[in-house]
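Here are a few friendly notes to read alongside the model. Please keep the structure open as you go through the points.

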Amino acid sequence: MLERLRTSSAAVETRRSRYQRIDLVTDQAPPTVLEKHYNARLVSEPDFPSGLSLYLDRRFQFRGAVEALYHEYMAHVPIQFMRRVPADILILGGGDGLLARELLKYGDRVRRIVNVELDPDMIDLVRRDPRLRRMNGGSYDDPRVEVVVADAFVYARVSRERFDAVY
């Protein structure tokens with residue numbers, strides 16, 4: 001169920017799943033100079049959803065204007081540190097597809113990504129919402145990405161699969 005609420009400065013879309021409350025907040029404020037400095041997409045793609053923010057159970061997850069900072073560091077720093085690109089990757093959580101987007105930038109050196117996400121409504125939202133699909137580059141459409149709807153803790157305990165990296 002999706003609800004729309006209007007405030008003076010932002011539009012809020014709320015989805016209540018079995019597991020959580022998912023809020024998409026769209027702020028009409030233009031990106032700041034600092035946000036443009038750290039996210040080149042805001043300059044090269046002026047219609048990029050920079051004002052879109054995701055909240056889960058009212059806890060901030062990301063804002064379009066600056067999400068790249070977080071996901072780029074999370075993906076690339078361990079790879080640079082280890083000096084190798086993992087072929088088989090496990091993502092625990094990450095239902096927004098943004099970390100998968102970053103890892104897919106390594107091309108055919110990434111053989112497979114298994115993304116374990118508890119909430120099927122989150123996966124559905126990310127696949128259907130054009131703003132979120134644009135942000136994550138349609139990462140779930142890549143045949144190397146397998147989405148598993150399950151509890152990540154349980155999956156990690158019972159899976160016999162081997163991965164080169166776990167995020």
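1. A hairpin is a good place to begin: β2 and β3 are joined through four residues. Please bear in mind throughout that this is a predicted model.

2. The two strands of this hairpin, β2 (residues 10-16) and β3 (residues 21-27), run antiparallel and are joined by seven bridges. If you would like one pair to check on screen, take Ala10, whose bridge partner in β3 is Asp27.

3. How much of β2 is covered? Six of the seven residues in strand β2 are buried, so the description "mostly covered" fits.

4. On the other side of the hairpin, have a look at Val25, which belongs to strand β3. Is Val25 buried or exposed? Its relative accessibility is 19%, and because the cut-off for buried is under 20%, Val25 counts as buried.

5. Which residues does Val25 touch, once neighbours within four places in sequence are set aside? The contacts include Ala10, Ala11 and Val12, and Val25 also meets Gly51, Leu52, Ser53 and Tyr55. Tyr167 makes a handy reference for distance: Val25 and Tyr167 are separated by 142 residues in sequence and by 26 Å in space, C-alpha to C-alpha.

6. Lastly, please turn to Asp142, in the loop between α6 (130-136) and β8 (145-149). Asp142 has a relative accessible area of 18%, which is under 20%, so this loop residue is buried. Its side chain makes a polar contact with the side chain of Arg144, at 2.8 Å.

Methods:
Residues numbered from 1 in each chain as written. Predicted model: local features only at pLDDT ≥ 70, side-chain atom pairs only at ≥ 80, totals over all residues. Heavy atoms only, no water. Buried < 20%, exposed > 50% of the residue type's maximum accessible area, 1.4 Å probe, protein only. Pairing = 2+ DSSP bridges. Contact = heavy atoms within 4.5 Å. Polar contact = N/O pair within 3.5 Å; in protein donor to acceptor, adjacent residues only side chain to side chain.
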